[in-house]
Amino acid sequence: MDMNEIKEIFFQECEEQLAELESGLLKLNDGDRDPETVNAVFRAVHSIKGGAGAFGLDDLVSFAHVFETTLDCVRSNRLEPNQDVLKVMLRSADVLADLTNAARDGGGVDEARSRQLIKELEALANGEMPQPGAPEIAKAVAPAAPAPAVNDDGFQPVAFSFDEFEASEPPAIEPSTYEIVFSPKSELYAKGNDATLLLRDLSRLGEMSIRCDMDRLPALEEMNPEAAYFSWEISLKTEKGEEAIRSVFEFAEWDCDLDVTLVSGDASGAGEELPMHPVPFDLSLLDEEAPSRGESAEEDEEMVSQQRDPRSAAASAAATASNVLQMAQTAARAPLENAKVASTASAAQAAAQQAASAAQPTIRVDLDRVDRLINLVGELVINQAMLSQSVIENDTNGTSSINMGLEELQQLTREIQDSVMAIRAQPVKPVFQRMSRIVREIADMTGKSVRLVTEGENTEVDKTVIDKLAEPLTHMIRNAVDHGLETPEKRVAAGKNPEGTVRLTAKHRSGRIVIELADDGAGINREKVRQKAIDNDLIAADANLSDEEIDNLIFHAGFSTADKISDISGRGVGMDVVKRSIQALGGRINIQSKPGQGSVFIMSLPLTLAVLDGMVVTVANQTLVVPLTAIVETLQPEASAIHSFGASQRLISIRNSFCPLVDVGRILNFRATQANPVEGVALLVESEGGGQRALMVDAIQGQRQVVIKSLEANYTHVPGIAAATILGDGRVALILDVDAIVAASRGQTLKPEMTLAATG
Amino acid sequence: MKKRVLTVDDSRTIRNMLLVTLNNAGFETIQAEDGVEGLEVLESANPDVIVTDINMPRLDGFGFIEGVRKNDRYRAVPILVLTTESDAEKKNRARQAGATGWIVKPFDPTKLIDAIERVTA
C-alpha cells in the first residue's frame, strides 16, 4: 500500500464522515441532545482534520479546525445547538464537503463562502448568537466562553512542536558541558516511562558521564518496588543546546525533577568527575520554561498551561466541568490503585456504551472482487442453462435422477445469484442524505422554507442503481422546491404551514424499488401546462386530454412551465432528461398531482442492473432481447390496421389511435427492405417523452431473465444496442436500446452519442 | 524478535498510515478501531508499546489508557498518544490518564518511529 492508496482511503473515509456529520447535525436539529450524537459529529470533523493534516491539505485542515472548535463548544455545553446555530453548522458541513471534493478532484471552492462561515463559526465559539442576514462579528467576548482570539484574515493553523523549538534554537557549534540532575518520581514509572531509556537518549547527544544517587534507597523490607528512589547526576558535553536536552525529557518533564545547568562553554569540564553532593532542588531557581516545580502535579499543570497558552488554559478550565476530564483525572490516579470505585464505574459505563453501540459486524471488500464474483455467477447461470438445455435435448429415456439433480442445481444457482446480488445491495441512505443539502441550498436561493422528510433510507438496492440515482433525484428535488412549493406568503394565504414539506421515501415492492418524491405544494397547474403544450405544438389546441395525460406532458423534451427560467431549474435539464435517466436504469416514472395539495413523483426501479427481465425476439434470423420494462403490450398486426404515411413511414392503428411502426430489422440494417408487418409481431413500447411506438419484430421466442454483459467492455459500443447477453444455448444475443431505436426511426441516424447505454 | 505495537485509532486513514509506517520500520502491528476493541485485544496482542488516538467512539483514548493501566500485566507498557492537539491541555489530559508520551499530528512517520524508540528498550 502506498500513500496514494491511503489517500484514496482517506477520501472514502471523508465521505463517510461527512454523511455521519450531516445526519448527526440533522438529528441535533430535530432536538436530539444525546451526548453521543454530539460526539459523533465532533469526531467526524476531527477525523477529517486529522487525515487532511497528514496529507498537507491545509485549506481543509484550517476550516475543519475552526468547525471543530465550535463543535467542541457544543460538546462541552458552552453553546446551545439551537436551530440558528445548526443552520450555520449545516452550511459549514456543506463547505467542508466542497473543500474535500476540491482536495480530491482539484478545482476551486467558493472562498468567500468559506471565509464567511469561518467568521460565523468563530462568532459562535465566541458565544455570539447568529444574526440572520447580518453576520457581523461583534468584538465583545462573552465571559462564559472565553474562546480563541482570531484575526480577521481567517485562521492560521498553529503548529506547536518541540521540533520547531530545536530548529529555532541556533545550533551551538561549540560543545558545551551541562550538569543535569534527574530525579524521577514514581509517576514516571507508572506511566510506562523508563529512566534508563531517557538516559540512553541523553547519552546520544554527546559525551556523558553519569552517577547514580542511591542514598534514598530504603532497606529492602521497607522498599516499595514501584516507587522511585534513585536520582542521577549527569555531566554531558554536547553541541546541541539545552533545549535538545530538555526535549529528551519531553514525555517525563512532569514526572521528574530536572535541573539542567550550563557549566562551561569550553570542553575542559567534560569527563571530569562530578563531586557527589546533594543538589538543592530549589524551585525558585528554575527558569520559567522548566515546568516541574510543584508538589501537586495538577495545580502545577494548570500553571504551566496558563503560562504556555492562555487560550488552552481557559478551555481546560471550562472543560473541567465535563465528565470526560473527570474520567481522565480518575485515570491519572488509578494506575497504581487497582480497585478504585470510580474507575470501575467508568468502566461499567464504557461497557454499557459498548453494548449499546454494538453493531453487526461488517467487512469491507474491494468492489472489483464482488464484481468478479458476480460475473462468475453470471457465467454459472449461463452454463447451468446450457447444461439443462442439452440434457433435455438428449434425454430420450427420461432418467429422472439427472433431471432432479439439474433442477436442484438450477435452484441453487438462482439462490447463489440472489445472494451475490445482495452483496452489492446498499441502502439508499447516502443519496437521500445528499438531498438534504440540495434542499437547503434551493430553499436559501428561493427564500422558501422547506423541510425534507426521508423515509425508508435503509431500503437496499444495487450500488450501480444508487450511483445513478443521485442526478435525477437532485433535479426532481430542485423542481419540487422551485416549482412545486409555493412561497411562504402564498402558503399562509392558502391556509397551509408556511414551511413546505418535501417527502422522500423508498420501499421495496414486488422485486423493485419504489422511490417517491412528494411535495405539499400547489400541485401541477394543468391549465398552464396545457397552454404551454399547445404553444409548443406538443398537442393540438382542441386535444382532449385526461388530467393524467396533461401531467405527463411535463416529461416532454424542452418543456418548462416556469414563467422565467430561474437559476435553479434553468440549467438546461428538464423533466424529460429525468425520465430518460430513470428509463436508462430500466425504471419508470409516474406523476400524481392534486391541485392545491401537491404532487407525487413515483419512480420504480429494478434492484440490480446486472440482470434484466427481457423478451427474447427474432429479427431477420437474429436473436435480440428487448427489456421488458420498455414493453407496454404485444400484438399481432392485422393488415387492415396498417396505414402508409409519407414516403416510407407506416402507422398502426391501435384502439383508434395511430402509432408509428418501427421496423427494427431495417433500423439495425439486418435487412434491406421493410418486412411485412402482418407476418411479424408488434411490440408497443414507451419511449422517451412518453410517446408510444410499435416495434416490428419477426417472432417472440419467450421471456427470460438475462445476465447483462457490457458490449463496451468486451467489444465496442454499437448504436442501437444497449448490451449483450449469452443465452442458454450459448449464443450471444444483443439487448436492444429501445430509446435509440425509436430516435433513429424519427429520421435521425444512429449515432453513438445519441444512444443511452442501459448498462454501465 | 520484532517489537509488537498495538495501535488504536478509529480513522481508517490513520490506521493504514500507522500500519505502513510501522511495518516498514520492522514492527509487528496489531490494530484496534476504538478503545473498547483495544482493551479486548490487549491480552492477545501482548504489545511492547501502544499507540492510541484520543477521540474515538465507544471508549476514547483517555478511557482506554486508564483501562490498560488498570491491567496488572500491561500497566507499565509505554503508551503514546496520537493527537492533533499540540497544545498543553490535551497533553496534560493524556498524561494524567497515564500516557507515556505523545505524537503530535499531522502524522509524520519519522516522528512516530522516533517516539516509539524513545520509550522502548
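Does His46(A) count as buried or exposed, and at what relative accessibility? Select this residue to begin the tour, bearing in mind that the structure on the screen is a predicted model. His46(A) has a relative accessibility of 4%, and because the limit for a buried residue is under 20%, it counts as buried. The residue lies in helix H2 of chain A, and an unreviewed UniProt entry gives it the annotation "modified residue: Phosphohistidine".

**The helix pair around His46(A)**

Now select helix H2 (residues 35-54) of chain A together with helix H3 (residues 58-75) of chain A, whose axes come within 9 Å and cross at roughly 155°. H2(A) and H3(A) are therefore roughly antiparallel to each other, and H2(A) passes H3(A) in a left-handed crossing. On the side of H2(A), the residues that make the contact include Val38(A), Phe42(A), Val45(A), His46(A) and Lys49(A), while those of H3(A) include Leu60(A), Ala64(A), Phe67(A), Glu68(A) and Leu71(A). Sorted by class, the contact between H2(A) and H3(A) has twelve nonpolar, four polar and four charged residues.

Follow chain A past H3 to Asn77(A), which lies in the loop between H3 and helix H4 (83-105). With a relative accessibility of 72%, Asn77(A) counts as exposed. Its backbone deserves a look, for phi of Asn77(A) is near 60°, a positive value in a residue other than glycine. Most residues other than glycine have a negative phi.

**Chain A as a whole**

Zoom out to show the whole of chain A, which has 24 helices and 22 strands. Of its 760 residues, 45% count as buried. If the contacts in chain A with a separation of 6 or more are considered, 67% of them are accounted for by residues 24 or more positions apart.

For an example of an enclosed element, select helix H21 (residues 575-584) of chain A. Seven of the ten residues of H21(A) are buried, so this helix is largely enclosed by the rest of the structure. The buried residues are Met575(A), Asp576(A), Val578(A), Lys579(A), Ile582(A), Gln583(A) and Ala584(A). To see what they pack against, add helix H17 (463-484), strand E10 (588-594), strand E11 (598-606), strand E18 (681-686) and helix H24 (738-745) of chain A to the selection. Just after H21(A), Gly586(A) takes a positive phi of about 80°.

**From chain A to chain B**

Next, select helix H1 (residues 3-29) of chain A and H1(B), which pack at an angle of about 160° with their axes 8 Å apart. H1(A) and H1(B) are therefore roughly antiparallel to each other. The contact is made by Met3(A), Ile6(A), Ile9(A), Phe10(A), Gln12(A), Glu13(A) and Glu16(A) from H1(A), and by Arg12(B), Thr13(B), Asn16(B), Met17(B) and Val20(B) from H1(B). By class, the contact of H1(A) with H1(B) has six nonpolar, three polar and three charged residues.

**Inside chain B**

Stay on helix H1 (residues 12-24) of chain B and pick out Leu18(B), which has its place there. Leu18(B) counts as buried, at 0% relative accessibility. Not counting residues up to four places away in sequence, Leu18(B) touches Thr7(B), Asn23(B), Gln31(B), Val51(B), Leu82(B), Phe107(B) and Leu112(B). A distance drawn from the C-alpha of Leu18(B) to that of Thr29(B) spans 8.5 Å, for two residues that are eleven residues apart in sequence.

Move on to Asp53(B), for which UniProt lists "modified residue: 4-aspartylphosphate" in an unreviewed entry. Asp53(B) is placed in strand E3 (residues 49-53) of chain B and, at 2% relative accessibility, counts as buried. Leaving aside neighbours within four places in sequence, Asp53(B) is in contact with Val8(B), Asp9(B), Asp10(B), Gly61(B), Leu82(B) and Lys105(B). Leu82(B) is thus found among the contacts of Leu18(B) and also among those of Asp53(B).

The last stop is Asn46(B), in the loop between helix H2 (35-45) and E3 of chain B. Phi of Asn46(B) is near 45°, a positive value in a residue other than glycine. With a relative accessible area of 28%, Asn46(B) is partly exposed.

Notes:
Residues are numbered from 1 along each chain as its sequence is written. Chains are lettered from A and ligands numbered from 1 in the order in which they are written. This is a predicted model: local features need pLDDT of at least 70, side-chain atom pairs count only at pLDDT 80 or more; totals for chains, interfaces and linings use all residues. Side-chain values use heavy atoms; hydrogens and water are left out. Helices (H or I, at least four residues) and strands (E, at least two) are DSSP runs, numbered from the N terminus. Buried means under 20% relative accessible area, exposed over 50%, partly exposed in between (1.4 Å probe, protein chains only). Contact means heavy atoms within 4.5 Å. Axes are lines fitted to C-alpha atoms, for helices over the stretch in contact, and angles run from 0 to 180 degrees between N-to-C directions. Angles under 35 degrees count as roughly parallel, over 145 as roughly antiparallel, 65 to 115 as roughly perpendicular and the rest as oblique. A crossing is left-handed if the near helix is turned anticlockwise from the far one by less than a right angle, and right-handed if clockwise. Ala, Val, Leu, Ile, Met, Phe, Trp, Tyr, Cys and Pro count as nonpolar, Asp, Glu, Lys and Arg as charged, and the others, Gly among them, as polar. UniProt positions are given in the numbering used here, feature names are shortened, and annotations may be inferred rather than shown by experiment.
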